[in-house]
Amino acid sequence: MHLYRTHKCGELRKSDIGKTVKLSGWVHRKRDHGGVLFIDLRDTYGLTQIVAQGNADLERVRGESVITIEGEVVARAEGTTNAKMPTGDIEVVAKSVTVQSNADVIPFQVAEEDGAGEEVRLKYRYLDLRREGMHSRVRLRNNVIAAMRRRMWAEGFQEFNTPILTASSPEGARDYLVPSRLHPGKFYALPQAPQQFKQLLMMSGFDRYFQIAPCFRDEDGRADRLAEFYQLDVEMSFVQQEDVFEVMTNVVKGIFEEFADFTGTKHRVEFLPNMKYGDAMEKYGSDKPDLRNPLIVTDVTEVFKRDDVTFNAFKGVIAKGGVVKCIRAPKVADRPRSFFDKLNDWARGEGAVGLGYITFKDGAGAGPIAKFVPAEAQAILNKTAGMEEGDAIFFVCDMPEKAAKFAGRARDRICDDMGIRETGIYKLFWIVDFPMFELDEKTGKVDFSHNPFSMPQGGLEALNGPDPLKVMATQYDCVCNGYELCSGGIRNHKPEIMEKAFAIAGYPKEVLEKKFGGMLNAFRYGAPPHGGCAFGVDRIVMLLANEPNLREVYAFVMNGQYEDPMMNAPSDITEAQLKDLHLKLNLPKKVEAA
RNA sequence: GCGGGUGUAGUUCAGUUGGUUAGAACGCUUCCCUGUCACGGAAGAGGUCGCGGGUUCGAGUCCCGUCACUCGCGCCA
């Protein structure tokens with residue numbers, strides 16, 4: 001007979017009655033009735049009830065210990081079956097028991113989700129991962145990745161691995177650096193994304209590349225942002241934007257549909273028409289709007305410019321180049337004062353002066369700002385913002401960029417306070433027509449607004465035009481429920497256009513050659529037009545699992561400070577290691593003192 | 001770097017206006033219990049109230065500082 005098991009803990013049924021079996025697993029729950037003892041034995045496949053009488057080993061064994069039991073599968077007596085368990089019609093009567101590993105008292109409960117904090121969960125992640133929730137989400141991640149591979153292979157893509165130790169690049173996020181022992185003073189960088197390698201694979205003639213690629217970025221974390229994460233990285237040759245969309249919409253929509261019932265509620269999956277970046281910013285105040293939120297932002301600067309409108313707080317800002325944005329909240333005019341006060345408090349907490357509003361009841365405006373807006377102006381305001389009887393509109397007034405962004409956040413906040421965010425649906429769409437360049441509001445300098453390697457729409461001709469800020473990049477994002485799932489573009493494969501683009505952003509040809517010489521060279525030996533994108537694997541899993549935090553879908557993960565409390569990373573290294581790497585530490589005073 | 005929130009038993013939390021010996025649930029220990037499945041019952045152990053300072057006759061509670069965690073802003077093509 002097998003040493004550890006003949007069956008798994010989730011598989012025994014009525015048809016197995018009479019068999020002598022061996023099961024191994026963790027002591028999930030123990031119910032000791034004195035004369036008779038029940039143990040729910042758990043492995044990754046499920047639970048089976050073990051019954052024992054007068055077994056001293058089992059009486060002593062603590063929860064989460066690992067045991068092997070041998071015994072007979074018997075039918076549970078009438079009235080003692082458990083319809084909640086797949087194995088609930090049978091139980092195994094233990095004849096012999098081997099304790100494989102005794103467990104100490106565990107720091108938090110495994111058999112139930114007791115709300116233990118992240119700090120302790122991460123320190124004992126292996127225990128956390130035994131719990132049903134984490135266990136199933138990590139499995140979901142595995143299944144999603146398997147589905148990605150299956151679907152990408154079906155679309156004719158080949159999977160590649162690209163280097164983890166590579167060169168630092170000046171664009172984008174901070175790199176994680178690895179000192180070189182063989183080359184004193186030089187460093188490798190961990191890839192922020194395999195961007196250049198995947199483009200080089202197109203130059204190598206491979207046509208369709210994908211990789212479940214690890215990416216590393218040394219920037220401060222967020223609930224949906226980690227130091228290391230995985231992307232479904234994709235690149236294709238001889239394609240236009242629409243070709244990338246066609247393939248990837250198919251793949252991603254398929255994945256969402258495949259796992260849309262993970263939470264137990266079947267979610268609908270909608271792929272909506274493309275949205276222009278400019279429209280997203282204008283109507284939603286965000287480059288990743290959540291379209292489950294029905295509210296939209298309207299510009300009403302013109303109304304507050306009118307002579308008969310005497311709200312000087314806004315007029316002053318408008319005079320300096322500011323704008324007034326508003327958000328119409330339908331049917332909230334009768335909400336208690338506290339509804340509006342709460343939003344106001346929120347706005348102040350976010351550093352705004354407040355969130356002014358006008359309600360519209362019985363054909364007239366009301367609320368703190370209404371008295372500055374006479375009837376005629378009110379009518380125009382209503383028409384512009386689409387306000388009807390019983391509605392309210394909230395105002396944000398600031399410099400254009402700040403106003404748009406804050407209106408976007410207010411839009412989300414108002415939506416949640418109203419409780420009108422749609423549930424049970426994934427709303428996906430592509431955002432297109434990102435500007436190639438942007439003006440730094442502080443320095444007045446023109447810089448790349450997103451990816452410097454994307455092809456400007458209109459090519460060299462467009463770049464030679466009078467206003468580079470009007471040039472659009474062939475650049476796109478895929479957004480779902482307020483999360484940026486994917487970023488991509490059709491790449492610039494022509495050195496002369498790239499030189500011009502970099503020149504506009506203030507980088508001379510020498511800089512370009514020095515930093516990207518390898519790839520520029522490749523462009524000179526026959527480069528196919530190409531483009532692609534990269535989907536955040538874990539954000540997709542996070543959405544499918546309906547979790548607001550990436551750490552809930554990763555097996556092993558660092559905390560918000562990018563420390564691993566289980567492995568003690570990052571850690572000190574020895575003097576000998578430093579010497580090997582030709583490094584001397586120059587620590588801030590605060591750290592030295594500690 | 002900045003802002004919000006949190007910090008009390010192993011875990012999750014309560015703790016009133018500053019007032020006796022800081023509580024609950026789960027977990028843990030010992031005992032009782034032959035049909036439970038979140039088993040039940042009895043008894044018990046377990047606390048630097050994050051840390052330091054201050055105010056006070058008296059601080060978990062008030063004040064100042066500090067640290068940790070967490071969410072967000074900045075940052076992140």
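This is a short walk through one helix pair and several salt bridges in a predicted model.

Let us start with the helices. Two packed helices are described by the angle between their axes and the distance between the axes. Here the pair to look at is helix H5, residues 195–203, and helix H15, residues 509–523, whose axes lie 10 Å apart at an angle of about 20°. Since angles under 35 degrees count as roughly parallel, H5 is therefore roughly parallel to H15. If you turn the view to look at how H5 and H15 cross, you will find a left-handed crossing. On the H5 side, the contact is made by Gln196, Gln199, Leu200 and Met203, and H15 contributes Phe516, Met519, Ala522 and Phe523. What is the character of the residues in the contact of H5 with H15? Six are nonpolar and two are polar, with no charged residue taking part.

Charged side chains bring us to the second stop. Side chains of opposite charge can pair when their charged atoms come close. In this model the count comes to 47 salt bridges, and a few of them are worth visiting one by one.

A good place to begin is Arg268, which is partly exposed with a relative accessible area of 47%. Its side chain meets that of Glu270 in a salt bridge, at 3.4 Å from N to O. Glu270 is partly exposed too, with a relative accessible area of 28%. Arg268 also forms a salt bridge with Glu422, where the closest N and O atoms are 3.6 Å apart. This second pair links distant parts of the chain: Arg268 sits in strand E11 (residues 268–271), while Glu422 lies in the loop between helix H12 (400–418) and strand E18 (425–432), 154 residues apart. Glu422 is partly exposed, its relative accessible area being 30%.

Now move on to Arg306 and Glu376, a salt bridge whose closest N and O atoms are 3.3 Å apart. Which parts of the chain does this pair link? Arg306 is found in the loop between helix H8 (301–305) and helix H9 (312–319), and Glu376 belongs to helix H11 (residues 375–385), with the two positions 70 residues apart in numbering. Arg306 is partly exposed at 22% relative accessibility, whereas Glu376 has a relative accessible area of 55% and is exposed, because the cut-off for that class is over 50%.

The last stop is a network. Salt bridges that share partners join Arg121, Arg125, Asp128, Arg131, Arg137, Glu547 and Glu552 together.

How values were computed
Residues are numbered from 1 along each chain as its sequence is written. Chains are lettered from A and ligands numbered from 1 in the order in which they are written. This is a predicted model: local features need pLDDT of at least 70, side-chain atom pairs count only at pLDDT 80 or more; totals for chains, interfaces and linings use all residues. Side-chain values use heavy atoms; hydrogens and water are left out. Axes are lines fitted to C-alpha atoms, for helices over the stretch in contact, and angles run from 0 to 180 degrees between N-to-C directions. Helices (H or I, at least four residues) and strands (E, at least two) are DSSP runs, numbered from the N terminus. Angles under 35 degrees count as roughly parallel, over 145 as roughly antiparallel, 65 to 115 as roughly perpendicular and the rest as oblique. A crossing is left-handed if the near helix is turned anticlockwise from the far one by less than a right angle, and right-handed if clockwise. Contact means heavy atoms within 4.5 Å. Ala, Val, Leu, Ile, Met, Phe, Trp, Tyr, Cys and Pro count as nonpolar, Asp, Glu, Lys and Arg as charged, and the others, Gly among them, as polar. A salt bridge is a side-chain nitrogen of Lys or Arg within 4 Å of a carboxyl oxygen of Asp or Glu. Buried means under 20% relative accessible area, exposed over 50%, partly exposed in between (1.4 Å probe, protein chains only).
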